[in-house]
Amino acid sequence: MAQPTSDPIHLPPGPRAPRLVQGIRFLTARRAVVGGLARRYGSAATLNLPIFGRAVLISDPTLIKDLFTTGPELVGRATNLGEVLGPGSTFSLDGEEHRERRKLLVPPFHGKRMHSYESIIEEEVMREIADWPEGVEFATLPSMMRITLNAILRAVFGAEGAAFDELREQLPQLVEVGSRIALLPRFFRRDLGPRTPGGTMHRHRRRYDQIVDGLIADARRDPAFDERSDVLSLMLRARYEDGSAISDRHIADELLTLLTAGHETTATTLAWLIERVRRHPQLLERLTEEADAGGSELQQATIWEVQRLRPVIDGTSRRALQRIRLGEWVIPEGHVVIVSIPQAHANPDRFTGPSLFDPDRFIGNPPDNYAWIPFGGGIRRCIGAAFANMEMNVTLRILLREFTIVPTTAAGERYHSRGIANAPGDGGRVVVYRRSVTAPPEGWGAAGNLLGTASGGQSSVQQNARAD
Ligand code: HEM
């Protein structure tokens with residue numbers, strides 16, 4: 001772990017361009033910039049960025065482990081997301097307050113509890129795929145967005161009926177305007193009139209608070225309140241160490257946080273999952289065989305590998321609360337340390353042939369918590385990791401059971417930034433045939449870019465592990 005120190009400051013080297021220039025490059029071509037920095041400066045570099053100020057970018061697993069295992073007295077949160085989500089959001093809390101909140105929030109998201117949410121995901125996936133067309137190519141991302149939004153509204157908010165419908169309509173608008181202005185200076189978040197971004201956000205937020213107040217009142221009135229397993233009810237029943245409850249306002253902030261953090265991230269990963277497996281026909285065939293036989297080992301390994309090679313969040317960050325030593329570097333108080341997730345996942349010492357998409361690397365060999373970090377790490381590691389993992393497993397299992405997914409030789413989709421998460425640029429396009437109803441036509445030629453057969457005909461892209 002990082003240590004407090006009074007040694008002279010010693011920062012890694014980095015580009016000398018003015019802060020604004022570095023900021024524009026970082027914002028417009030983050031992935032290319034970070035890749036270029038890694039090639040030029042190795043696994044640590046110092047940047048000078050408009051919002052963060054001087055920031056140290058790291059991708060070395062030893063440094064990452066040191067940072068993630070450092071206590072809250074030395075490093076704290078570094079983003080201003082909490083200013084948009086509200087003071088009761090986990091993203092707004094530090095130190096003891098953050099520890100206490102996580103103690104209450106982690107049990108509802110514990111792996112074992114996830115079974116109780118599986119049927120919700122199953123219902124949502126079945127409802128969504130009922131209208132999927134056969135034999136024509138379409139983007140899966142909109143479907144994945146609806147599945148993950150509805151799943152959180154039901155499993156986390158405990159919403160149904162009119163409240164569910166209104167939240168489903170209203171929340172994406174609130175999240176969209178919120179994520180657009182989250183990175184702007186505080187001035188733009190003020191309510192400066194109905195047509196300004198700040199005004200729009202505050203209007204949506206007032207309506208959101210009213211709906212959540214209604215859900216809280218309904219839950220308290222529910223005769224089956226004690227048996228309810230939605231996260232809202234679990235939070236209402238939870239008590240801090242001194243016996244006090246989480247306030248209703250903090251619950252509203254936290255539910256919005258869970259939705260913002262968990263909706264697009266899971267949907268975009270699912271779209272990448274489709275995008276990747278379609279380009280690996282042999283893998284697709286093995287996945288189908290495994291699902292038919294009731295197995296899930298390769299499916300889980302495939303999800304882990306998609307998250308390694310297509311992480312939807314580029315990085316996570318911590319702010320040094322005092323001068324710290326991190327490996328050979330001495331980082332002054334106030335500096336931000338950014339962990340580059342894609343660069344960490346491209347480390348050849350931790351992943352053989354890191355640019356190859358090869359789920360078999362994880363068979364019998366689960367990911368290491370400090371080398372494989374799509375969910376971040378340490379005391380701020382993603383609270384919803386088990387929920388997202390369950391949701392992706394259930395969704396993929398149903399898709400493999402219901403459909404023949406048609407492979408493609410098309411080039412991989414490019415990254416497209418949606419603000420919070422990176423999505424496949426064409427939305428994770430797919431061609432499917434219903435397994436129970438229609439057999440795919442001979443050669444699967446309907447979409448013009450297809451190959452192979454359901455029984456595993458030879459093709460030029462039959463290798464699982466193919467250069468990315
Ligand atoms: C594939 C889907 C997901 C990905 C890739 C993802 C990724 C992340 C990452 C990188 C962080 C920052 C961790 C750090 O700073 O070390 C994070 C934090 C967080 N995530 Fe997720 N997440 C996903 C799904 C979810 C879901 C489904 C939920 C809840 C329903 C959720 C709730 C949270 C919360 C509350 C935090 C803040 C934790 C804290 O600051 O203590 N996430 N997530």
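Here is a short round of questions and answers about this predicted model. Residue numbers run from 1 along each chain as its sequence is written, and side-chain values use heavy atoms, with hydrogens and water left out. Local features need pLDDT of at least 70, side-chain atom pairs count only at pLDDT 80 or more, and totals for chains, interfaces and linings use all residues.

Q: What makes Cys382 a donor of the iron atom of the ligand?
A: Donors are N, O and S atoms within 2.8 Å of the metal (3.2 Å for Na, K and Ca); water is not among the atoms, so sites may look incomplete. The SG atom of Cys382 is at 2.3 Å, so it passes, and it is the only protein donor of that iron. In the chain, Cys382 sits in the loop between β10 (356-357) and α15. Helices (H or I, at least four residues) and strands (E, at least two) are DSSP runs, numbered from the N terminus.

Q: How do you know that His98, Thr316 and Arg318 make polar contacts with the ligand?
A: A polar contact is a pair of N or O atoms within 3.5 Å (within protein, one must be able to donate a hydrogen and the other to accept it, and residues adjacent in sequence count only if both atoms are side-chain atoms). From a ligand oxygen to a side-chain N or O atom, the distance is 2.7 Å for His98, 2.5 Å for Thr316 and 2.8 Å for Arg318. Each pair fits the cut-off, so each one counts.

Q: Which residues come nearest to the ligand, and which element gives the most to its shell?
A: Being near takes a heavy atom within 4 Å. There are 25 residues around the ligand, and His98, Arg102, Thr316, Arg318 and Cys382 come nearest. α11 gives the most to the shell, with 6 residues. By class the shell has 11 nonpolar, 11 polar and 3 charged residues. Here Ala, Val, Leu, Ile, Met, Phe, Trp, Tyr, Cys and Pro count as nonpolar, Asp, Glu, Lys and Arg as charged, and the others, Gly among them, as polar.

Q: Why is the pair Arg77 and Asp94 called a salt bridge?
A: The rule asks for a side-chain nitrogen of Lys or Arg within 4 Å of a carboxyl oxygen of Asp or Glu. Arg77 and Asp94 meet at 3.3 Å, N to O, so the name fits. Arg77 is in strand β4 (residues 75-77) and Asp94 in the loop between α4 (81-85) and α5, so the pair ties together parts 17 residues apart in sequence. The whole structure has 35 salt bridges.

Q: What makes a space a cavity or a pocket?
A: On a 1 Å grid over the protein atoms alone, a cavity is a set of points where a 1.4 Å probe fits but cannot get out, while a pocket is an open set with protein on both sides within 12 Å along at least five of seven lines; lining residues have an atom within 4 Å of a point. Points are joined across faces, edges and corners, and a volume is the space filled by probe spheres set on them. The count comes to 3 cavities of 30 Å³ or more. The largest cavity holds about 110 Å³, and α8 gives the most to its lining, with 4 residues. The second largest cavity has about 90 Å³, and its lining has 14 residues. As for pockets, the second largest has a volume of about 430 Å³, and α15 gives the most to its lining, with 8 residues.
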